[in-house]
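Open the model in the viewer and keep the sequence panel beside it. The tour goes from one selection to the next and says what is found at each stop.

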Amino acid sequence: CEIEKVKASRFLADAIPVRDEPAIEAALKLVRKEFHDARHHGWAWRLGAGGARFRSSDDGEPGGSAGKPILQQIEARELSDVLVVVT
């Protein structure tokens, strides 16, 4: 878990290896439970050879401000079978 402070906010980033969508849902549930008092859990994931399957969510943040940039970083590093959550 990586922690960064920006102004009065604290951001935690978790990169979690995953193999399928049920594993993604389970990991998201654990992060939300651990940080239940957080306002948002922006996330993105890529699965499969070449990251053929992917999804992202801003989780209530302004549209395109959380999930998309997370996914772009995953893609830039050519990662797959990973979930990144920024709390």
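Start by selecting Leu 12, Val 18, Ile 24, Ala 27, Leu 28, Val 31, Phe 35, Trp 43, Trp 45, Leu 47, Leu 83 and Val 85: these 12 residues form the largest nonpolar core. A nonpolar core here is a set of buried Ala, Val, Leu, Ile, Met, Phe, Trp, Tyr and Cys residues joined through side-chain atoms within 4.5 Å. Buried means under 20% relative accessible area, exposed over 50%, and partly exposed in between (1.4 Å probe, protein chains only). Colour by element next: helix 1 (21-34), strand 3 (42-47) and strand 5 (82-86) each give two or more residues to this core, and helix 1 supplies the largest share, four residues. Helices (H or I, at least four residues) and strands (E, at least two) are DSSP runs, numbered from the N terminus. Apart from this core lies another one, of six residues, including Ala 44, Leu 71, Ile 74 and Val 82.

The model is predicted: local features need pLDDT of at least 70, side-chain atom pairs count only at pLDDT 80 or more, and totals for chains, interfaces and linings use all residues. Residues are numbered from 1 along each chain as its sequence is written, and side-chain values use heavy atoms, with hydrogens and water left out.

Select helix 1 alone. Helix 1 has 14 residues and spans 20 Å from first C-alpha to last, close to the 20 Å expected at 1.5 Å a residue; the expected span is 1.5 Å times one less than the number of residues. Ile 24, Ala 27, Leu 28 and Val 31 are the residues to mark as buried in helix 1. Looking down the axis of helix 1, the buried residues fall within an arc of 100°, so they line one face; the arc is that of the directions from the helix axis to the C-beta atoms. Turn to the face directed away from the buried side, and the exposed residues Pro 22, Lys 29, Leu 30 and Lys 33 come into view. Now add strand 2 (9-17), strand 3 and strand 5, against which the buried residues of helix 1 pack.

At the N-terminal end of helix 1, show Asp 20, which caps it with a side-chain oxygen 2.9 Å from the backbone nitrogen of Ala 23. Asp 20 is also one of the residues in contact with Leu 47 (heavy atoms within 4.5 Å), as are Val 18, Ile 24 and Ala 52.

Move to Thr 87, in the segment after strand 5. Thr 87 counts as buried, at 10% relative accessibility. Its side chain makes a polar contact of 3.0 Å with that of His 41. A polar contact is a pair of N or O atoms within 3.5 Å; within protein, one must be able to donate a hydrogen and the other to accept it, and residues adjacent in sequence count only if both atoms are side-chain atoms. Leaving out residues up to four places away in sequence, Thr 87 touches, among others, Leu 12, Val 31 and Phe 35.

Next, select Glu 61 in the loop between strand 4 (53-57) and helix 2 (67-76). Glu 61 is partly exposed, with a relative accessible area of 32%.

Finally, show the whole protein chain, which has two helices and five strands in the pattern β-β-α-β-β-α-β.
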